[in-house]
Amino acid sequence: AGVSVRVAGDHTAGGAWVAELFGLDEVVQEAIRASHERWDGTGRPLGLDGSDIPWASLCVQAAHWVCETAERSGNPLRARAEISRTPVDLLVPALGHAVATAVREVVRDDETWLAVWDDSLAARLALAGASEGKPSRRKVIGAAEAMGTVVDSAVREEGRAARVAGLARALGAEMGLPAGHVDALGVAGLLLDIGQLGVPRH
């Protein structure tokens with residue numbers, strides 16, 4: 001049966017559309033668009049399975065699940081213990097073996113876990129993702145962080161988008177993805193739930 005990592009929804013197309021309007025690359029758009037897909041093929045809306053699902057989507061989905069687990073438990077430390085005890089085999093139907101293994105490793109890393117629950121994470125994410133000498137990139141990341149804050153205030157809890165972004169970046173790094181992809185995961189994490197604001201699908 002496995003763990004219920006995501007509840008499939010209809011806001012992913014709207015979120016991907018917003019990412020496109022922001023001028024974000026296809027990695028970010030696809031990470032959002034396919035973030036409700038499951039490794040076993042039971043996700044939606046695209047009906048993808050296995051390696052047809054972009055790695056970025058699986059990483060963002062895993063980060064989102066970690067944050068949902070923490071919110072449900074009401075305590076980040078209790079959530080960390082729960083996630084650490086979750087057998088990898090229960091995560092595989094949703095995330096595949098590589099991402100399921102990586103999420104457990106990321107959660108067990110003290111530095112990553114403490115950083116994700118740090119109140120200054122959003123500001124540090126904007127700096128970490130901003131390449132020196134590229135102010136337009138800094139502005140895009142800053143705008144994505146601002147939009148994540150708007151989404152959190154409307155439909156989530158404060159700091160949720162930054163936590164998803166931080167965990168997604170850590171997962172990408174754990175899996176050895178190139179630096180550009182790790183940055184894209186952070187931006188996708190910030191914008192993941194923007195479609196929940198009622199952005200029209202096209």
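# Exercises on an all-helix predicted model

Within the largest nonpolar core, which has 47 residues, Val28, Val60, Val66, Leu95, Val103 and Leu171 touch the most other members. A nonpolar core here is a set of buried Ala, Val, Leu, Ile, Met, Phe, Trp, Tyr and Cys residues joined through side-chain atoms within 4.5 Å; buried means under 20% relative accessible area, exposed over 50%, partly exposed in between (1.4 Å probe, protein chains only).

The model is predicted: local features need pLDDT of at least 70, side-chain atom pairs count only at pLDDT 80 or more, and totals for chains, interfaces and linings use all residues. Residues are numbered from 1 along each chain as its sequence is written, and side-chain values use heavy atoms, leaving out hydrogens and water.

## Exercise 1: the core and its suppliers

Find which helices each supply at least two residues of the core, and which helix gives the most.

*Solution.* Start with the inventory: the protein chain has ten helices and zero strands. Helices (H or I, at least four residues) and strands (E, at least two) are DSSP runs, numbered from the N terminus.

Next, return to the core of 47 residues. Those supplying at least two residues each are helix 1 (12-21), helix 2 (26-33), helix 3, helix 5, helix 6 (110-116), helix 8 (135-155), helix 9 (160-174) and helix 10 (179-191). Helix 5 gives the most, with ten residues.

Finally, set this against the whole chain: buried residues make up 48% of its 202 residues.

## Exercise 2: helix 3 against helix 5

Describe how helix 3 and helix 5 pack: what are the angle and the handedness of their crossing?

*Solution.* First, the geometry. The axes of helix 3 (residues 55-73) and helix 5 (residues 88-108) come within 9 Å and cross at roughly 65°. Axes are lines fitted to C-alpha atoms, for helices over the stretch in contact, with angles from 0 to 180 degrees between N-to-C directions.

Second, the class. The two helices are therefore roughly perpendicular, given that angles under 35 degrees count as roughly parallel, over 145 as roughly antiparallel, 65 to 115 as roughly perpendicular and the rest as oblique.

Third, the handedness: this crossing is right-handed, that is, the near helix is turned clockwise from the far one by less than a right angle.

Last, the residues. Helix 3 contributes Trp55, Leu58, Cys59, Gln61, Ala62, Trp65 and Val66, and helix 5 contributes Leu91, Ala94, Leu95, Ala98, Val99, Val103 and Val107. Contact means heavy atoms within 4.5 Å.

## Exercise 3: helix 3 against helix 9

Is helix 3 parallel or oblique to helix 9, and which residues make the contact?

*Solution.* Take the axes first: they come within 8 Å and cross at roughly 130°. Helix 3 and helix 9 are therefore oblique to each other, and their crossing is right-handed.

Then list the partners. On helix 3 they include Cys59, Val60, Val66 and Glu71, and on helix 9 they include Arg160, Val164, Leu167 and Leu171.

Val66 deserves a closer look: not counting residues up to four places away in sequence, Val66 touches Ile83, Val103, Val107, Trp113 and Leu167.

## Exercise 4: local details

Where does the cis peptide bond lie, and is Leu77 buried or exposed?

*Solution.* The cis bond joins Arg44 and Pro45, with omega about 15°. Pro45 sits in the loop between helix 2 and helix 3.

Leu77 belongs to helix 4 (residues 76-85). At 59% relative accessibility, Leu77 counts as exposed.
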